[in-house]
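Got your viewer open? Let's take a short walk, one selection at a time.

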Amino acid sequence: MGRAIIAGNWKMNLTPSQGVALVKELLPKIEGAGCEVVLCVPFVDIAPVAGALTGSKVRLGAQNLHFKASGAYTGEVSAAMLKEAGAEYVIIGHSERRQYFAESDETVNLKALFALENGLIPIVCVGESLAQRESGETNAFVAGQVRAALQGIGAQAAKGIVLAYEPIWAIGTGRVATNEQANETIGAIRKTLGELYGPETAKGITIQYGGSMNAQNADGLMAMPEIDGGLIGGASLKAEDFAAIVRAASR
Ligand code: PGA
């Protein structure tokens, strides 16, 4: 479907020197990768990791941004700052930000719009809770999140976004969605994109799976027709595990 992208989400892990050390260990292991590889690192790691990535095809991303260009927003980071530091991607609406930092569908939408306008590729995260999955609301809930996140984004701009389907109950829990669950919900997301932008555009948009993806389960997930890569938390902190996932996505 969309092009395969494996993105590491380091979350609040690895100081700048630790991040550079991980990248030095990782690069030789993923030489010749057949998919796009992105590392979404803490703000202060972006510039030093960009240095360590010089000459490689691995791209850099941030984990959040603000939706204003500049101004009196203490503690926030702007798109221009991220780009100058070396980021090309930015994760928006991760469930941890929705849960702990009051990120709403509305701010996710503002951030996605602002990222696109400023030349950053948003990786917009959606996903249901365990209660929602168990009560059969998953596809309707996730479709609503997608529609809210993409409000005001036209078909042309939508080609420049990445979506990540991350069931909340699978994040950091070791409890991965089955290949079929992930494939089915991503198919439902693609159907929503088709309703918004037409089926051709929907086919070309990368939709990743995220949630306890690791070296062992990556092959099975990546073999599913709807799944275009992964957003990897815990396993992105270990060079060999992350490299194995990149290899799975390259097959
Ligand atoms: P996990 O995190 O791989 O550690 O489950 C994924 C994510 O939150 O992006």
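Before the first click, one working rule: a residue is near a molecule if one of its heavy atoms lies within 4 Å of it. Also keep in mind that this is a predicted model.

**Stop 1: the ligand.** Select the ligand and show what lies around it. You should find 13 residues surrounding it, and the closest are Lys11, His94, Glu166, Gly172 and Ser212. Try colouring that shell by class: four residues are nonpolar, seven are polar and two are charged.

**Stop 2: polar contacts with the ligand.** Pick Lys11 and look at its side chain, where a polar atom sits 2.8 Å from an oxygen atom of the ligand. Next, click Gly172; here a polar backbone atom is 2.6 Å from a ligand oxygen. Then go to Gly234, which also offers a polar backbone atom, 2.8 Å from an oxygen atom of the ligand. Now switch on a surface: on its own the ligand would expose 280 Å², and the protein buries 95% of that.

**Stop 3: Asn183.** Leave the ligand and select Asn183, which you'll find in helix 9, residues 179-197. Is Asn183 buried or exposed? It's buried, because its relative accessible area is 14% and the cut-off for buried is under 20%.

So what does Asn183 touch? Beyond its neighbours within four places in sequence, show Met224, Pro225, Glu226 and Ile227, which are in contact with Asn183. Zoom in on Glu226 to finish: the side chain of Asn183 reaches the backbone nitrogen of Glu226 at 2.9 Å.

Notes:
Residues numbered from 1 in each chain as written. Predicted model: local features only at pLDDT ≥ 70, side-chain atom pairs only at ≥ 80, totals over all residues. Heavy atoms only, no water. Polar contact = N/O pair within 3.5 Å; in protein donor to acceptor, adjacent residues only side chain to side chain. Areas by Shrake-Rupley, 256 points an atom, 1.4 Å probe, with all protein chains shown as cover. Nonpolar A, V, L, I, M, F, W, Y, C, P; charged D, E, K, R; others polar. Helix = DSSP H or I, 4+ residues; strand = E, 2+ residues; numbered from the N terminus. Buried < 20%, exposed > 50% of the residue type's maximum accessible area, 1.4 Å probe, protein only. Contact = heavy atoms within 4.5 Å.
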